[in-house]
Amino acid sequence: MATTYIYRTAGTPTSSKKFTISAWIKIGNIGTEQHIFGAFDDTSNRTHFVLTDTGQLDFIVKVSGSNIARLKTTRVLRDPSAWYHVMGVLDTTQSTNTDRIKLYINGDQVLSPNNGFASETYPSQDAVAEAQGTHDIGAYNNGGSRALFFDGSLAHLHFTDGYAYAASTFGETNSTSGIWVPKFAPSVTYGNNGFFLKFENSG
């Protein structure tokens with residue numbers, strides 16, 4: 001069972017209304033809840049980007065302990081031999097509620113009802129979502145203790161603070177193979193609390 005994670009303390013966000021999480025994941029253990037990325041502060045404001053125990057992708061934004069935004073897929077990711085590109089995007093400035101939170105898998109936006117969600121909650125316009133505090137990668141922060149570790153491989157994890165991007169910013173379809181592949185140097189702005197982690201070596 002994996003127990004490895006990394007974390008950092010974030011500062012004042014560029015925006016509390018917009019951010020993007022993009023990561024390539026390879027599942028090592030099927031059947032346990034695993035956290036890819038999370039943000040936690042002391043006032044019960046949290047962001048969770050989770051692979052559930054059944055393989056669903058679950059993107060949750062909480063303010064004062066209550067869900068203000070959530071998309072949980074019906075589709076499940078359960079192939080341990082495959083790399084998946086998963087993305088969660090929040091932009092509460094959008095006028096249309098379904099544009100304020102989005103999920104992408106391998107370049108395709110997950111939509112309802114075409115692909116479907118097991119759970120969907122859309123934030124109000126200009127809702128403030130404090131994706132700051134402690135940023136944890138590969139674990140769930142339960143007020144200082146960590147659990148629900150990601151048991152697999154991560155690569156090219158991006159967090160953009162204050163900027164909402166589409167999947168085409170971080171990946172593209174290979175013209176020969178037809179496979180969705182990463183863009184190794186995407187043109188993005190990371191903001192005050194953003195980062196890009198390649199995970200190409202132990203450093």
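This section describes the strand pairing, nonpolar cores, aromatic pairs and salt bridges of a predicted model.

The sheet considered here is open and contains six strands, arranged in the order β9-β8-β7-β2-β14-β17 with antiparallel pairing. Its edges are formed by β9 (108-109) and β17 (195-197), each of which pairs on one side only. In general, the strands of a sheet pair through backbone hydrogen bonds, in either a parallel or an antiparallel sense. Within the order given above, β2 stands between β7 and β14. On one side, β2 and β7 are joined in the antiparallel sense over nine bridges, and S22 has M87 of β7 as its bridge partner. On the other side, eight bridges connect β2 with β14, and these two strands also run antiparallel. Two of the residue pairings between β2 and β14 may be named: T20 is the bridge partner of T160, and I25 is the bridge partner of L154. Strand β2 is mostly covered, as eight of its 10 residues are buried.

The largest nonpolar core comprises 32 residues, of which I25, I36, F37, F49, F59, V86 and L103 touch the most other members. At least two residues of this core are supplied by each of β2 (18-27), β3 (34-40), β4 (46-51), β5 (56-63), β6 (66-76), β7 (83-91), β8 (101-105) and β14 (152-161). The greatest contribution is that of β2, which gives five residues. A second core, separate from this one, holds 10 residues, including W24, Y104, Y165 and W180. More generally, nonpolar side chains in soluble globular proteins tend to be buried together.

The surroundings of I36 illustrate the packing of the largest core. When neighbours within four places in sequence are set aside, I36 is in contact with A23, I25, F49, L57, V86, D136, I137, G138, F150, L154 and L157. Among these contacts, I25, F49 and V86 also belong to the set of residues that touch the most other core members. The contact list of I36 further includes both I25 and L154, which are bridge partners across β2 and β14.

A total of 10 aromatic pairs is found. The rings of F37 and F159 are stacked, because their centres lie 5.2 Å apart and their planes meet at 20°. F37 belongs to strand β3 and F159 to strand β14, so this pair ties together parts that are 122 residues apart in sequence. Both F37 and F159 are buried. A contrasting geometry is found for Y165 and F170, whose ring centres are 6.1 Å apart and whose planes stand at 90°, so the pair is edge-to-face. Y165 and F170 are likewise buried. Ring pairs also link F19, F37, F49, F59, F159 and F195 into a cluster. Of the residues in this cluster, F37, F49 and F59 are again among those that touch the most other members of the largest nonpolar core.

Three salt bridges are found in the whole structure. In general, side chains of opposite charge can pair when their charged atoms come close. One of these salt bridges joins the side chains of D126 and K17, with an N to O distance of 3.7 Å. D126 lies in the loop between β10 (117-121) and β11 (134-137), whereas K17 lies in the loop between β1 (6-9) and β2, so the pair ties together parts that are 109 residues apart in sequence. D126 counts as partly exposed because its relative accessibility is 36%, and K17 is partly exposed with a relative accessible area of 27%.

Another salt bridge is formed by the side chains of R70 and D58, at 2.7 Å from N to O. This pair links distant parts of the chain, with R70 in strand β6 and D58 in strand β5, 12 residues apart. R70, at 19% relative accessibility, counts as buried; D58, at 4%, counts as buried as well.

A salt bridge is also present between R146 and D136, whose closest N and O atoms are 2.7 Å apart. R146 is located in strand β13 (residues 145-147) and D136 in strand β11, so that the pair links distant parts of the chain 10 residues apart. Both R146 and D136 are buried. The charged end of R146 also sits over the ring of Y7, at 4.7 Å from the ring centre. D136, the salt-bridge partner of R146, is in turn one of the residues in contact with I36.

Definitions and conventions. Residues are numbered from 1 along each chain as its sequence is written. This is a predicted model: local features need pLDDT of at least 70, side-chain atom pairs count only at pLDDT 80 or more; totals for chains, interfaces and linings use all residues. Side-chain values use heavy atoms; hydrogens and water are left out. A nonpolar core is a set of buried Ala, Val, Leu, Ile, Met, Phe, Trp, Tyr and Cys residues joined through side-chain atoms within 4.5 Å. Buried means under 20% relative accessible area, exposed over 50%, partly exposed in between (1.4 Å probe, protein chains only). Helices (H or I, at least four residues) and strands (E, at least two) are DSSP runs, numbered from the N terminus. Contact means heavy atoms within 4.5 Å. Two strands pair if DSSP finds at least two bridges between them. Rings of Phe, Tyr and Trp (its six-membered ring) pair if their centres lie within 6.5 Å; planes under 30 degrees apart count as stacked, over 60 as edge-to-face and the rest as tilted. A charge sits over a ring if NZ of Lys or CZ of Arg is within 6 Å of the ring centre and within 35 degrees of the ring normal. A salt bridge is a side-chain nitrogen of Lys or Arg within 4 Å of a carboxyl oxygen of Asp or Glu.
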